[in-house]
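Visitor: Please take me through one part of this model in detail. I would like a close look at the disulfides and what surrounds them.

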Amino acid sequence: MRRTPVTAAAFVLTAVATATAATTVPATAASAPKAPRATVVVNCFGAPKVRPTEIILACADANDLLSSLRWTSWGGTTATGGGVRELNDCVPTCVAGHFHSYPIRITLSGAQLWAGHPGVRRFTALTFRYTGARPRGEPVQVTGDIP
């Protein structure tokens with residue numbers, strides 16, 4: 001599988017948040033390794049998000065985003081779901097351009113412990129596959145790293 005750059009901008013995310021509750025651990029269990037309590041994606045503002053309904057691929061202008069996301073699985077090492085890629089054609093300019101919608105299947109993967117956030121894993125890779133029409137010249141499957 002070949003990695004294709006999604007945009008010239010950094011491949012970053014935005015989404016709808018879900019809070020996680022803190023729990024108290026007895027002193028004897030405090031030194032034992034803890035199982036991760038959440039798996040998240042990190043949005044454009046550095047905030048952790050669980051089951052986002054939207055992921056912006058171009059944080060600077062939001063001219064490339066994944067929307068209407070519905071997740072069929074979440075957590076562990078992967079998350080899968082479906083939605084729509086909305087892409088601005090930027091013709092004649094991005095301000096005057098038009099958004100086009102393309103149905104996709106999405107997978108988040110590469111979950112790793114998030115440095116500085118004990119017990120939280122974050123996804124580090126995103127793959128989406130067009131399930132119908134796609135932008136001209138775009139491969140059927142697009143994979144990118146989530147910084």
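Guide: The structure, a predicted model, holds two disulfides. Count the bonded cysteines along the chain, and the pairing reads 1-2, 3-4.

Take the link of cysteine 44 and cysteine 59. Their sulfur atoms lie 1.7 Å apart. The angle about the S-S bond is -75°, which makes this link left-handed. Cysteine 44 sits in the loop between strand E1 (38–42) and strand E2 (48–49), while cysteine 59 sits in the loop between E3 and E4, so the disulfide ties together parts 15 residues apart in sequence. Cysteine 44 has 26% relative accessibility and counts as partly exposed. Cysteine 59 is partly exposed too, at 30%.

Now the link of cysteine 90 and cysteine 94. Here the sulfur atoms are 1.9 Å apart. The angle about the S-S bond is 100°, and the link is right-handed. Cysteine 90 is partly exposed at 23% relative accessibility. Cysteine 94 is partly exposed at 35%.

Back to the loop that carries cysteine 59, between E3 and E4. These strands belong to an open sheet of six, in the order E3-E4-E5-E6-E9-E10, with antiparallel pairing. Strand E3 (55–56) and strand E10 (141–145) stand at the edges; each has a single partner strand, so one side of each lacks a neighbour in the sheet. E3 pairs with strand E4 (residues 64–73) in the antiparallel sense, over two bridges. Within that pairing, isoleucine 55 stands opposite leucine 66 in E4.

Notes
Residues numbered from 1 in each chain as written. Predicted model: local features only at pLDDT ≥ 70, side-chain atom pairs only at ≥ 80, totals over all residues. Heavy atoms only, no water. Pairing = 2+ DSSP bridges. Helix = DSSP H or I, 4+ residues; strand = E, 2+ residues; numbered from the N terminus. Disulfide = S-S within 2.5 Å. Buried < 20%, exposed > 50% of the residue type's maximum accessible area, 1.4 Å probe, protein only.
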